[in-house]
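Me: I am still learning to read protein models, and I would like a close look at one part only, the way in which strands pair. Please take it slowly and explain each term when it is needed.

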Amino acid sequence: GRFRFEVEPDDAAVYLDDRYVGTAEELAGLSRGLRVAPGRHTVTVVRPGYGTKTVEVEAKPGAGIDVVIELER
């Protein structure tokens, strides 16, 4: 599967299953999204000055999933 990220703010750090995968801006620039193994994944977004947000996302083989996260101050 593939995750397409839409995260605010742009400079937030994005972690997939506790591994850093890039900033929100970098991931948004991946037109085809980030390739992930099928199954359940944990996405965590952090940025100093904002609350951390963690979501569970289910990846399906061959499917693109939009992951939309907006951090709150």
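Reply: Two strands pair if DSSP finds at least two bridges between them; strands (E, at least two residues) and helices (H or I, at least four) are DSSP runs, numbered from the N terminus. This is a predicted model, in which local features need pLDDT of at least 70 and side-chain atom pairs count only at pLDDT 80 or more, while totals for chains, interfaces and linings use all residues. Residues are numbered from 1 along each chain as its sequence is written, and side-chain values use heavy atoms, with hydrogens and water left out.

We can begin with the open sheet of three strands, whose order is β4-β1-β7 and whose pairing is mixed. Its edge strands, β4 (34–35) and β7 (64–70), each pair on one side only. Between strand β1 (residues 2–8) and β4 there are two bridges, and the two strands pair in the antiparallel sense; to find this pairing in the structure, look for Arg2, whose bridge partner in β4 is Arg35.

The other sheet to trace is an open one of four strands, with the order β3-β2-β5-β6 and antiparallel pairing. Here β3 and β6 are the edge strands, each of them pairing on one side only, and neighbouring strands of this sheet are turned by 30° against each other on average, direction ignored (the axes are lines fitted to C-alpha atoms, for helices over the stretch in contact, and angles run from 0 to 180 degrees between N-to-C directions).

If we walk across this sheet in its order, we start with β3, which pairs with β2 in the antiparallel sense over four bridges, and in which Gly22 is the bridge partner of Val14. Thr23 is also found in strand β3 (residues 19–23), and this residue is buried, because its relative accessible area is 19%, where buried means under 20%, exposed over 50% and partly exposed in between (1.4 Å probe, protein chains only). Not counting residues up to four places away in sequence, Thr23 touches Asp10, Ala12 and Val14, contact meaning heavy atoms within 4.5 Å.

The next step leads from strand β2 (residues 13–16) to strand β5 (residues 39–46), and these two run antiparallel and are joined by four bridges; Ala13 stands opposite Val46 in β5. From there, β5 pairs with strand β6 (residues 53–59) in the antiparallel sense over seven bridges, and within that pairing Arg40 has Glu58 as its bridge partner in β6. The strands β5 and β6 form a hairpin with six residues between them, and Gly49 in the turn has a positive phi of about 90°.

Now turn to the side chains. In soluble globular proteins, nonpolar side chains tend to be buried together. The largest nonpolar core (a set of buried Ala, Val, Leu, Ile, Met, Phe, Trp, Tyr and Cys residues joined through side-chain atoms within 4.5 Å) has 18 residues here, and Phe3, Phe5, Val7, Val43, Val45, Val67 and Ile69 are those with the most contacts inside it. Two or more residues of this core are given by each of β1, β2, α1 (24–28), β5, β6 and β7, and β1 supplies the largest share, three residues. Ile69 touches Glu6, Val7, Glu8, Val43, Val45, Lys53 and Val55, again not counting residues up to four places away in sequence.

A search of the whole structure finds two aromatic pairs, where rings of Phe, Tyr and Trp (its six-membered ring) pair if their centres lie within 6.5 Å, and planes under 30 degrees apart count as stacked, over 60 as edge-to-face and the rest as tilted. The rings of Phe3 and Phe5 have their centres 6.3 Å apart and their planes at 85°, so this pair is edge-to-face. Phe3 counts as buried because its relative accessibility is 0%, and Phe5, at 6%, counts as buried too. Tyr15 and Tyr20 form an edge-to-face pair as well, with 5.6 Å from centre to centre and 65° between the planes; Tyr15 counts as partly exposed at 29% relative accessibility, and Tyr20 at 46% is also partly exposed.

Finally, look at Glu70, which is found in strand β7 and is exposed, with a relative accessible area of 55%. Leaving aside its neighbours within four places in sequence, Glu70 is in contact with Glu8 and Lys53.
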